[in-house]
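Please open the model in your viewer and keep a selection tool at hand, because each stop on this tour begins with something to select.

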Amino acid sequence: MSGFTISRRTMLAGSAMLLASTAMPAPGWAQTPKKGGRLVLAADSEPRNLNPAIVASNGVFFISSKIVETLAEASFDGKDGLAPRLALSWEGAADGLSATFKLRDGVKWHDGKPFTSADVAFSALQIWKPLQNLGRTVFKDLASVDTPDDLTAIFKFAKPTPFQLIRNALPALSSVVPKHIYEVGKIEDNPANNAPIGTGPFKFGEYKAGQYYRLTKNTDYWGKHEPYLDEIIYQVLPDRTSAASALEAEEIQLAAFSAVPLADLDRISKVPGLKVISKGYEGLTYQLVVEINHRRKELADLKVRQAIAHAIDKDFVIKTVFLGYAATATGPVPKNDPQFYTADVPTYAFDVAKANALLDEAGYKKGPDGKRFTLKLLPAPYFNETKQFGDYLRQALAAIGIDAELVNNDSAAHIKAVYTDHAFDLAVGPPVFRGDPAISTTILVQSGIPDGVPFSNQGGYKNDALDALIAKASETLDASARTDLYKEFQKEVATDLPLINVAEWSFISVARDTVGNIANNPRWAVSNWADTYLES
Amino acid sequence: MTRTLTLIRRRLVGSIFVLLIVVIGTFLLLEAAPGDAVDAYIVSTGGDAGMIELLRHRWGLDQSELTRLANYLWALLHLDLGQSVTFSRPIRDVILERLPNTLLLMVSATALSFGLGSALGIYAGARPGSFRDRFLSIGSLALYAVPGFWLGLVLIVVFAVDLRWLPIGGIETLASDKTGLDRVADIAVHLILPVSALGFIYLALYLRMMRAGMAEVWRQDFVLAARAKGLSRRRIVLAHVARNALLPLVTMLGLQSAQMLGGSVVIESVFSVPGLGRLAQEAVASRDTPLLLGIILTSAVLVIVINLAVDIAYAFLDPRVGAGEADA
């Protein structure tokens, strides 16, 4: 267990730690898991729609992944980083036009009906492709799903689709819901969206708005001896300080998704019986990015963008904003990604003199007041860290003579200002890397995206070479050739700086010592927790 | 009795206009805020242009503001509060679920601040200028100056985290399946901290009003007469001075009800109490216009009813008030 308890000092190693974490083997546990008990944990938001097949987001998965399972889950040591769930094996055809999934036998839905390939076909065609926030992109060319028998599902694509992408998308995008429940009436209005029925180790119990969600043990679960817990209770704690107090008062045993603010971790790690864990989120990496509006003539100049990159002291940001719980970024793919990351890209060392020289060269001389020009800076309000980095960036820009005016909005207003109205010059955003650049990363720099699409290139950036690269990668079937194209993609982004990647971070869990099998896969907080247990 | 009825009738007619202004004002304010319910929603999901269009259509946000306001008012005329965008449930149900918690919190906090405040005010005002008078005046001012959320956090750290005497938040023990008296006791225990945090702040107000009122009454002729009669000091304080000083406090009670609703927003989120205040905060963040309108309407009705009740009580306590309004 001591292998997981980390002090702040060891975390200051930063990038090395993040890199190492994916290479580390799955943990071996000395004790045999105990059966029974109720796990109470903090939930900071209450998703209204709990159907992960429609809403593939961490907020929904946090609760629903215990009830509704995916075809495969992320794994530290499995082949291609995957472990089987509802599917036992998967294989893509060489022509990219089909993918075959062999399904698990003897799986039952929570209402007792058998799980079959018809459920997979229905979920994929009726939900993932037309309705799901991420599936609408990844499964856009899915034409049909053949079900030769109850345990085989063959996905047929209208256009060649890289199987590497489908495979990488499985943990987040492939939640299977029961056809017999959803085939009647409108899918979006189905009552099961608020009380999901799945195949998972836990059944949906009840939801008391503003108070808690209760999940109860599925005694018919396919996993041998699993699950260990009798119940999981998500206690709704909307206040940022509540989770830490509740842990200390032993009212909850776990606070995941950084419910305990970074600033409190040092103190709370010294409380006897509590441990701070930074593993288990490797598959949910957030990227701290400076979004740039290229419509501003100053920012359309590469020299100015390079100057801004040189003005940011990434190490300082890791130390002060993230208190060491993050790694510096080099480009649009995070360092901890095992498949695509390359370090072979241009980097921008912290160098104020060079930044000033670049701006002089670009023709933006300092005025008599020491200022070159003024920019509007909009930090995203979703995380403390994005707001704090906004404050830091303002100071960093002041040092090179750029006067940044901070505009603080709430979430809805920020989304509208940046992605619909384009009323920004610089913005601080936290896009998520989802295991494959084609899921939600290339969209950040690609041109031709309609106005209003969140977390996409709304800065008016257009680079034909980059667009061509993205298009080519999207139809390259061979995994290694495709990977090489994405390495080139990283190089091009780091060279032309459509946006500036500053840092990569993920979440922290704080738990009682009694909670076992924590963080044993790269998406642990959003996995099914069949093997999680409580020592009495 | 007819005077009281006239008062009620006049108030009800006036209230309809107040409510209409409240509804239209809130609607316009929320429309002026940048971003709509879909913008708030896609923060946690992302999504492509087609999905966003689909959502706007489903939630009726592709209609013009005027159409939406007209539709809302038309439904309201039929006593229908509409459907919450984010909860996908009837707003009436969502509000009714939370209202009891907020009412419980407000009524208990008001009882605490009014009861203890006026009692301490009498105690302090009985001997103006004494040590206990000064101590209580300064102490209550200090409490009044403390922000509610801070007081709440301190109470949590001391009584829930360190001493572990009381729960850190919530309205009752989670998923405990308690019923009957056990449940009542459980809720009472959960209310101690939030009610204290909310009540102690307003306590100072009643204490100081009571004390100031008494200081004034002490100088009245009838107090002198009572003294001359040889009544005991206790009787003078309670029956003559305090009783006359109590009237303005009743007015304050009505006015404070609106303040309490505002204060409960903060307290509900610090103590994780699922009440109307927290719901309102969530409705603003998620730009759920119909839900927020429903909450504001409910609160407005609540404040109007409380003030009407106070006025009726006042009319009984002091006949001049009711008569004045009825004749005007």
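Select chain A and consider its contacts between residues at least 6 apart in sequence: 72% of them join residues at least 24 apart. This is a predicted model, and what follows describes that prediction. While chain A is selected, note that the C-alpha trace spans about 75 × 55 × 40 Å along its principal axes, and that the chain holds 17 helices and 22 strands. A compact globule with 536 residues would have a radius of gyration near 24 Å, and the 23 Å of chain A agrees with this. Of the 536 residues in chain A, 54% are buried.

Next, stay in chain A and select residues 499-505, which form strand β19, and within that strand pick out A:Glu504. Is A:Glu504 buried or exposed? With 26 other C-beta atoms within 10 Å, A:Glu504 is buried. Then add A:Ala326 to the selection and join the two C-alpha atoms with a distance line: A:Glu504 and A:Ala326 are 178 residues apart in sequence, yet their C-alpha atoms are 5.7 Å apart in space.

For a contrasting stop, move to A:Asp464, which lies in helix α16 of chain A. Here 8 other C-beta atoms lie within 10 Å, and A:Asp464 is therefore exposed. A distance line from A:Asp464 to A:Val493 runs 12 Å from C-alpha to C-alpha, while the two residues are 29 apart in sequence.

Keep helix α16 (residues 464-474) of chain A in the selection and add helix α17 (residues 479-496) of chain A, so that both can be seen together: their axes come within 9 Å and cross at roughly 160°. Because of that angle, α16(A) and α17(A) are roughly antiparallel to each other, and their crossing is left-handed. To see which residues make this contact, show the side chains of A:Ala465, A:Leu466, A:Leu469, A:Ile470, A:Lys472 and A:Ala473 on α16(A), and those of A:Arg482, A:Leu485, A:Tyr486, A:Glu488, A:Phe489 and A:Glu492 on α17(A). Coloured by class, the contact has eight nonpolar residues, no polar ones and four charged ones.

Now select helix α14 (residues 411-420) of chain A, which is mostly covered, since nine of its ten residues are buried. Those buried residues are A:Ser411, A:Ala412, A:Ala413, A:His414, A:Ile415, A:Lys416, A:Ala417, A:Val418 and A:Tyr419. What covers them? The cover includes β13 (285-292), β15 (373-379) and β17 (426-429) of chain A, together with α2 and α12 of chain B. Following α14(A) there is A:His422, whose phi is positive, near 55°.

With chain B now in view, select the contact between the two chains, which takes 43 residues from chain B and 40 residues from chain A. On the side of chain B that touches chain A, the elements that give two or more residues are α2 (37-42), α3 (49-58), α5 (91-126), α7 (148-162), α11 (247-270) and α12 (276-285) of chain B. The residues on that side of chain B divide into 22 nonpolar, twelve polar and nine charged.

Widen the selection to the whole of chain B, whose secondary structure comes to 14 helices and zero strands. The C-alpha trace of chain B spans about 85 × 60 × 40 Å along its principal axes, and 39% of its 328 residues count as buried. Among the contacts in chain B with a separation of 6 or more, 74% are accounted for by residues 24 or more positions apart.

Within chain B, select helix α1 (residues 2-32) and helix α13 (residues 289-317), which pack at an angle of about 155° with their axes 10 Å apart. These two helices, α1(B) and α13(B), are therefore roughly antiparallel to each other, and α1(B) passes α13(B) in a right-handed crossing. The residues of this contact divide into 17 nonpolar, four polar and three charged.

For the last stop, select helix α9 (residues 221-229) of chain B, which is hardly covered, the count of buried residues among its nine residues being zero. Then step on to B:Gly230, which follows α9(B) and has a positive phi, near 90°.

Methods:
Residues numbered from 1 in each chain as written. Chains lettered and ligands numbered in written order. Predicted model: local features only at pLDDT ≥ 70, side-chain atom pairs only at ≥ 80, totals over all residues. Axes fitted to C-alpha atoms, helices over the stretch in contact; angles between N-to-C directions. Helix = DSSP H or I, 4+ residues; strand = E, 2+ residues; numbered from the N terminus. Parallel < 35°, antiparallel > 145°, perpendicular 65-115°, else oblique. Left-handed = near helix turned anticlockwise from the far one by under 90°. Contact = placed C-beta atoms within 7 Å. Nonpolar A, V, L, I, M, F, W, Y, C, P; charged D, E, K, R; others polar. Rg over C-alpha atoms; globule rule 2.2 N^0.38 Å. Buried ≥ 20, exposed ≤ 12 C-beta atoms within 10 Å, placed from the backbone.
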